[in-house]
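Subject: Structure for you to look at

Hi,

Here's the structure I said I'd send over. Have a look at it first, and then read on for what turned up.

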Amino acid sequence: MAAAALLRRSPAARALLSPALSARLVASKPHSSAPAPPPPSSKPAAAANMKTFSIYRWDPDSPSTKPHLKDYQVDLSDCGPMVLDALLKIKNEQDPSLTFRRSCREGICGSCAMNIDGDNGLACLTKISGASSASTVSPLPHMFVIKDLVVDMTNFYSQYKSVEPWLKRKDPPSQEGKEILQSKADRAKLDGMYECILCACCSTSCPSYWWNPEEYLGPAALLHANRLPLWGTLIKPKPNMFMHLQARGYRGVADKRNLLDHKRRLLAEKYELRGKLYKAVCRDPDLPLDMREKFRYKLSKLPRNSSMTRLRNRCIFTGRSRAVYKKFRMSRIMFRTLANKGELTGVKKASWWIQDSRDQFTKERLDAINDEFKLYRCHTIKNCTHACPKGLNPAKQIDTIKKLQIDA
Amino acid sequence: MASRPKLSGIQKQVLALYRGFLRTARLKSPEERRRIESVVSAEFRDNARNVDRRNFVYIEYLLRRGKRQLEQLKNPDITGLATLEVKK
């Protein structure tokens, strides 16, 4: 059929083909109804491209044998390009007892994750490096081995489960029985996280995960933790600050500067009427000068702290005199702190990225992993990003979580 | 009693696993309970006789396998345990 298609090409195109090639093609199969000619034997005479694979073997059924690396020779010219093809070839032709997990052969299931030549990756996506050097295939590092290349993933899965990787809401969706809507921009925030196939390549490449596999959640679980939540509040609101404030009114903070300012306000209030009166008399051009003088004297005798100009709107929490907003009676720092906590009703950060806008349990999720071990065992080693066969960046997501933890 | 001498950590783990199986068996129906107990005790005794006590790698492997099987057995929907003889 291919030959027939080529025949239909313009003469110019045909002229471009090498004469030998086109002659051969024209000769075979002019009609699709004619029987197909035998395919030309293209294989070059057995250029046996042998490569050695050293594969980790351990059989639990023969307990006395220790784990060891066994060498297998594979003819690369007769084998697919990926390591998985080589493994299957070995299993089919040489050693049926070789055990490994595999399923999709296209890099989407994550079953065939193993360590190839020192780097974690999926066997179905890793190309065989070349006949010159031997390849070492071993199971994912620092994981308990069940048999040959199969490892125990129970801990990994239970950590994923502990992150509660599903949407949680406090109130039902806006339209009953319909989906929870999300803008395109919000959905774009999930890119880089939803593609994770839980192959465990990243977690098992992290030295921090090797040393603390039970406590540290690992890059994969943390990536999924980041995928879901994300909005504001991180630390539980401290009741003291507010109760204190509400109980004592304005003078909620035992800050010296606030107390003094408060004193000034009281005095200003007390002398307000008098001060205004004196001032008015002074300024009145119609009154006799000596009267004005007298009142000016009286005005000057008023206590200094009764002057309105001496009042300064300070932050009620910190006493900061600058950057205080009248609407909130606090300085920019406290405003930011409380707004992020969610303690200012109706105040929401304008262009705050919400990882998944549909999930409402951000605060609880962040609290749950805000633990010295679960999150902070990550020391930005970045092996996970190097190892990920899907090209994701768990380190970046962990960084995001850490930043959110700080912001509250 | 012969088990007086100080047990090592790994021995304690094995015994704890055995105890776990027996306790879980108690929660199932009586004839299932007897079957579970016989299967489990047979396996433990076999391994105790055949496995070299210095072969930690294998013992730990068996412990992990046993723990996983115990987790599965603990599930209330699971009614029993059975074994098959596979001719090699």
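From which domains of chain A does the lining of the second largest pocket draw at least three residues each? Domain 1 (50-151) and domain 2 (154-167 + 183-226 + 352-407). Do keep in mind that this is a predicted model.

Let me stay with that pocket for a moment. Its volume comes out at about 510 Å³, and 18 residues line it. The ones nearest the centre are F144(A), D152(A), N155(A) and E214(A), together with R64(B), so to speak a list with both chain letters in it. Two elements give two or more residues to this lining: helix 5 (154-162) of chain A and helix 3 of chain B. Helix 3 of chain B has the largest share, with six residues. If you care about chemistry, the lining splits into seven nonpolar, four polar and seven charged residues.

Now for the largest pocket. Its volume is about 1700 Å³. There are 39 lining residues, and E43(B), F44(B), D46(B), N47(B) and L62(B) are the closest to the centre. On the element side, helix 1 (9-26), helix 2 (30-50) and helix 3 (56-74) of chain B are the ones that give two or more residues to the lining. Helix 2 of chain B gives the most, 11 residues. By class, you'll find 23 nonpolar residues in this lining, with eight polar and eight charged.

Away from the pockets, chain A has a sheet you may want to pull up. It is an open one of five strands, in the order 2-1-5-3-4, with mixed pairing. At the edges sit strand 2 (68-75) and strand 4 (119-122) of chain A, each pairing on one side only. From one strand to the next, the twist averages 30°.

Strand 3 (residues 113-116) and strand 4 of chain A run antiparallel and are joined by four bridges. For a concrete pair to click on, take A113(A), whose bridge partner in strand 4 of chain A is L122(A).

Finally, helix 4 (residues 83-94) of chain A packs on this sheet. Helix 4 of chain A touches strand 1 (50-57), strand 2, strand 3 and strand 5 (135-138) of chain A, and its direction makes about 95° with that of strand 2 of chain A.

Cheers

Terms used: Residues numbered from 1 in each chain as written. Chains lettered and ligands numbered in written order. Predicted model: local features only at pLDDT ≥ 70, side-chain atom pairs only at ≥ 80, totals over all residues. Heavy atoms only, no water. 1 Å grid on protein atoms, 1.4 Å probe; cavity = no way out; pocket = protein on both sides within 12 Å on 5 of 7 lines; lining within 4 Å. Points joined across faces, edges and corners; volume = space filled by probe spheres on them. Nonpolar A, V, L, I, M, F, W, Y, C, P; charged D, E, K, R; others polar. Domains from an automatic or database assignment. Pairing = 2+ DSSP bridges. Axes fitted to C-alpha atoms, helices over the stretch in contact; angles between N-to-C directions. Contact = heavy atoms within 4.5 Å.
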